[in-house]
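I opened my notebook today to look around inside one protein chain. Here is what I looked up, entry by entry.

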Amino acid sequence: MNVTMRTRLLAAAAIAGSMGLASRVYTQQQPLPASEISSFHVQGSVYLLVGDGGNIAVQLGDEGVLVVDTGLAPNADKLIAAIRKLSDKPIRWILNTHFHPDHTGGNEALSKAGSKTNGGPAEVLAHESVLTRMSGPTGRQSSAAAAAWPTDTYSTEEKDIYFNGEAVMLYHEPNAHTDGDSIIFFRKSDVVAAGDTFVTTSYPFIDQANGGSIQGELNALNRILDITVPAHEQEGGTFVIPGHGRICDEADVLEYRDMVTIVRDRVADMVKRKLTLDQVKAAKPTLDYDLHYGSTTGFVTTAGFIEAVYKDLSNPQGKPRVR
Ligand SMILES: [Zn+2]
Ligand SMILES: [Zn+2]
């Protein structure tokens with residue numbers, strides 16, 4: 001093993017270690033200890049709260065608190081306490097980017113801790129596919145308790161609400177990470193909450209069992225790029241909160257979109273040349289990105305990503321088209 005290779009492997013191991021959180025994301029069967037929640041001001045009225053599980057965005061103002069995603073269930077009390085440190089106003093809205101339990105686990109506790117203006121638990125708003133997935137049997141995912149389900153759904157391409165003097169836009173991305181992804185845009189604060197259509201910690205997870213697809217995933221990344229505007233020299237401007245990972249700007253999303261596109265094109269070429277899945281994996285179509293995003297353990301592995309892209313491109317019927 002030469003020195004460069006060794007360095008790469010060590011770096012890959014470090015990244016795999018930092019992926020530990022992601023590997024805990026979907027293993028809800030065994031109860032997890034509650035993790036600490038850290039908060040960061042992103043921009044305008046929007047804050048980022050980070051614990052185990054998906055990132056949580058919070059918008060604060062005179063009317064109350066709006067929360068995007070609620071993390072893992074065991075962290076709900078700590079999440080409520082972290083929100084209370086930022087604002088003593090009532091939690092009025094909970095928006096879900098999609099149904100996965102690392103983004104909806106705290107729904108029940110947070111909606112009960114909050115309230116509508118006329119009483120009752122805070123409203124939980126999501127695309128209607130989120131309700132379908134949470135209320136019905138979904139195979140691998142255990143369905144959630146009724147008190148955690150969305151109370152307000154939309155089935156159109158987009159939905160908007162006005163809260164705390166700000167337009168909050170929800171854009172449905174069909175068949176991206178799942179079939180119920182919403183990209184959420186705080187128009188005045190100039191912050192996007194991308195859910196798991198964009199993550200900085202791994203390759204994208206295309207949840208094919210729940211309606212995800214590679215082209216839908218690319219469409220979602222392109223939607224984020226449509227919304228974001230860099231301030232100057234490609235730095236700053238609109239901030240993007242990924243489903244997992246650090247706060248980003250447009251340039252980061254652009255780089256990720258290009259990576260996903262290049263891998264998709266490489267696999268598409270191999271599918272065209274009738275390579276088998278094993279041959280595609282052996283050809284390492286992600287090699288130059290594995291140092292950043294690759295993993296052999298955890299929930300989103302390199303092999304899993306390649307397999308999802310391969311399966312999707314080998315059977316394109318009914319898949320979303322390039323927008
Ligand atoms: Zn997630
Ligand atoms: Zn997810």
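**Entry 1: Getting my bearings**

I counted the secondary structure before anything else and got 11 helices and 12 strands for the chain. I also noted that this is a predicted model. Of the chain's 323 residues, 52% count as buried. Then I looked at contacts with a separation of 6 or more, and 67% of them join residues 24 or more positions apart.

**Entry 2: The largest nonpolar core**

I remembered a general tendency here: in soluble globular proteins, nonpolar side chains tend to be buried together. The largest nonpolar core in this model has 41 residues, and the ones touching the most other members are Phe 198, Ile 224, Val 240, Tyr 256 and Met 259. Next I asked myself which elements each supply at least two residues of this core. My list reads β9 (166-173), β10 (181-186), α7 (214-227), α8 (250-272), α9 (277-282) and α11 (302-314). The largest share is that of α8, with eight residues.

I picked Ile 224 for a closer look. Leaving aside residues up to four places away in sequence, Ile 224 touches Ile 183, Val 192, Ala 194, Thr 197, Phe 198, Val 240 and Val 253. Apart from this core I found another one, of 19 residues, including Val 46, Ile 161, Leu 170 and Phe 186.

**Entry 3: Val 67**

I found Val 67 in strand β4, which runs over residues 64-68. Is Val 67 buried or exposed? Its relative accessible area is 0%, so Val 67 is buried. I then listed what Val 67 touches, not counting residues up to four places away in sequence: Ile 56, Ala 57, Val 58, Ile 83, Ile 91, Trp 93, Ile 94, Leu 95 and Leu 110. I checked Leu 110 separately. Val 67 and Leu 110 are 43 residues apart in sequence, while their C-alpha atoms are 8.9 Å apart in space.

**Entry 4: One side of helix α6**

In α6 (residues 128-135), I marked Ser 129, Val 130, Arg 133 and Met 134 as buried. Why do they lie on the same side of α6? They cover an arc of only 130° around the axis, and that puts them on the same side. My textbook rule helps here: an α-helix has 3.6 residues a turn, so residues three or four places apart point the same way. Among the elements that cover the buried residues of α6 are α4 (101-104), α5 (107-113) and β6 (123-127).

**Entry 5: Empty space**

I counted two cavities of 30 Å³ or more. The second largest holds about 50 Å³ of space. Its lining includes Asn 55, Asp 69, His 103 and Pro 242. By class, I sorted the lining into five nonpolar, five polar and one charged residues.

**Entry 6: Two positive phi angles**

Last, I looked at two residues with a positive phi. Asn 175 is not a glycine, yet its phi is about 55°. I found Asn 175 in the loop between β9 and β10. With 27% relative accessibility, Asn 175 counts as partly exposed.

Lys 274 is not a glycine either, and its positive phi is about 60°. Lys 274 sits in the loop between α8 and α9. Is Lys 274 buried or exposed? I noted it as exposed, because its relative accessibility is 70% and the cut-off for exposed is over 50%.

Terms used: Residues are numbered from 1 along each chain as its sequence is written. Chains are lettered from A and ligands numbered from 1 in the order in which they are written. This is a predicted model: local features need pLDDT of at least 70, side-chain atom pairs count only at pLDDT 80 or more; totals for chains, interfaces and linings use all residues. Side-chain values use heavy atoms; hydrogens and water are left out. Buried means under 20% relative accessible area, exposed over 50%, partly exposed in between (1.4 Å probe, protein chains only). Helices (H or I, at least four residues) and strands (E, at least two) are DSSP runs, numbered from the N terminus. The arc is that of the directions from the helix axis to the C-beta atoms. Contact means heavy atoms within 4.5 Å. On a 1 Å grid over the protein atoms alone, a cavity is a set of points where a 1.4 Å probe fits but cannot get out, and a pocket is an open set with protein on both sides within 12 Å along at least five of seven lines; lining residues have an atom within 4 Å of a point. Grid points are joined across faces, edges and corners, and a volume is the space filled by probe spheres set on the points. Ala, Val, Leu, Ile, Met, Phe, Trp, Tyr, Cys and Pro count as nonpolar, Asp, Glu, Lys and Arg as charged, and the others, Gly among them, as polar. A nonpolar core is a set of buried Ala, Val, Leu, Ile, Met, Phe, Trp, Tyr and Cys residues joined through side-chain atoms within 4.5 Å.
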